[in-house]
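Work through the following exercises with the sequence and the model side by side. Try each task yourself before reading the solution beneath it.

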Amino acid sequence: LCLFSEELFSVHRDRVCHWNVLEYTMPLTARKQMAVRYLTSAMVLGGSFLFGLMNAGIMGLLFRQSLTGVMIKNLLIMLLVTLLMFWVGMPLFQRFSFQTILGVLGIISIVASIVFIILILKDPEIIDVLLDDRIMRRLDIFLYVSPIVMPILLGISFALSVKFYQRREK
């Protein structure tokens, strides 16, 4: 997740140091500029997934437990969720200012925290449910539909990113 946020914040830092102004003068199309960002993201997140697998293997060796299919499935679901967050975030970072996005994310975080606190106050046993494996099992459907849904979401995200990048270019 940290690497995901680093990829998106790199867009903001490009704006702050005015790299994007130089980028707009390069003889590359907006499509190629965005393709580089998406390809870089895929490499970083793929590497992160491999590091996660290696970490799980090392922890398994240290604690004398085997790496199970459930662990690998959970890591894969986390990778897919991270990709989804990046694909939603990249067009937003191309379209809106950094302060606007931080404001919206802050409001979402505050509302989610308030809802979570209300749920805990109403039913303290909700923490046991959250720590249970049932939540990850509910995400299994996401894993099964991802070969169909994820390429479509990637296409939409890429098209919107290119469109918003071109708008900023002018």
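**Exercise 1. The chain as a whole**

What percentage of the 170 residues of the chain count as buried?

*Solution.* Begin with the ground rules: this is a predicted model, in which local features need pLDDT of at least 70 and side-chain atom pairs count only at pLDDT 80 or more, while totals for chains, interfaces and linings use all residues. Residues are numbered from 1 along each chain as its sequence is written, and side-chain values use heavy atoms, with hydrogens and water left out. A residue is called buried under 20% relative accessible area, exposed over 50%, and partly exposed in between, with a 1.4 Å probe and protein chains only. By that rule, 29% of the 170 residues count as buried. The accessible surface, computed by the Shrake-Rupley method with a 1.4 Å probe and with only the protein chains shown counting as cover for residues, comes to about 11,500 Å² for the chain, and 74% of this belongs to carbon and sulfur atoms.

**Exercise 2. Helices and core**

State how many helices and strands the chain has, and find which helix gives the most residues to the largest nonpolar core.

*Solution.* First, helices (H or I, at least four residues) and strands (E, at least two) are DSSP runs numbered from the N terminus, and on this basis the chain has eight helices and zero strands. Next, a nonpolar core is a set of buried Ala, Val, Leu, Ile, Met, Phe, Trp, Tyr and Cys residues joined through side-chain atoms within 4.5 Å. The largest such core has 25 residues, of which Met34, Tyr38, Leu83, Trp87 and Met150 touch the most other members. The elements that contribute two or more residues to this core are α3 (30–62), α4 (69–95), α5 (98–122) and α8 (140–169), and α4 gives the most, with nine residues. In soluble globular proteins, nonpolar side chains tend to be buried together.

**Exercise 3. Rings around Tyr38**

Which rings pair with Tyr38, and how are the planes arranged?

*Solution.* Rings of Phe, Tyr and Trp (its six-membered ring) pair if their centres lie within 6.5 Å; planes under 30 degrees apart count as stacked, over 60 as edge-to-face, and the rest as tilted. A search of the whole structure finds two aromatic pairs. In one of them, Tyr38 and Phe86 have ring centres 5.5 Å apart and planes at 75°, so this pair is edge-to-face; Tyr38 is in helix α3 and Phe86 in helix α4, 48 residues apart. Tyr38 also forms an edge-to-face pair with Phe158, at 5.4 Å centre to centre and 80° between the planes. Because Tyr38 lies in helix α3 and Phe158 in helix α8, this pair ties together parts that are 120 residues apart in sequence. Tyr38 and Phe86 are both buried, Phe158 is buried as well, and the ring pairs link Tyr38, Phe86 and Phe158 into a cluster.

**Exercise 4. Two residues with hydroxyl-bearing names: Ser146 and Thr82**Are Ser146 and Thr82 buried or exposed?

*Solution.* Ser146, in helix α8, is buried, because its relative accessible area is 9%. Contact means heavy atoms within 4.5 Å, and, leaving aside neighbours within four places in sequence, Ser146 is in contact with Leu80 and Pro151. Thr82, found in helix α4, is buried too, with a relative accessible area of 9%. The C-alpha atoms of Thr82 and Leu45 are separated by 8.1 Å, although these residues are 37 apart along the chain.
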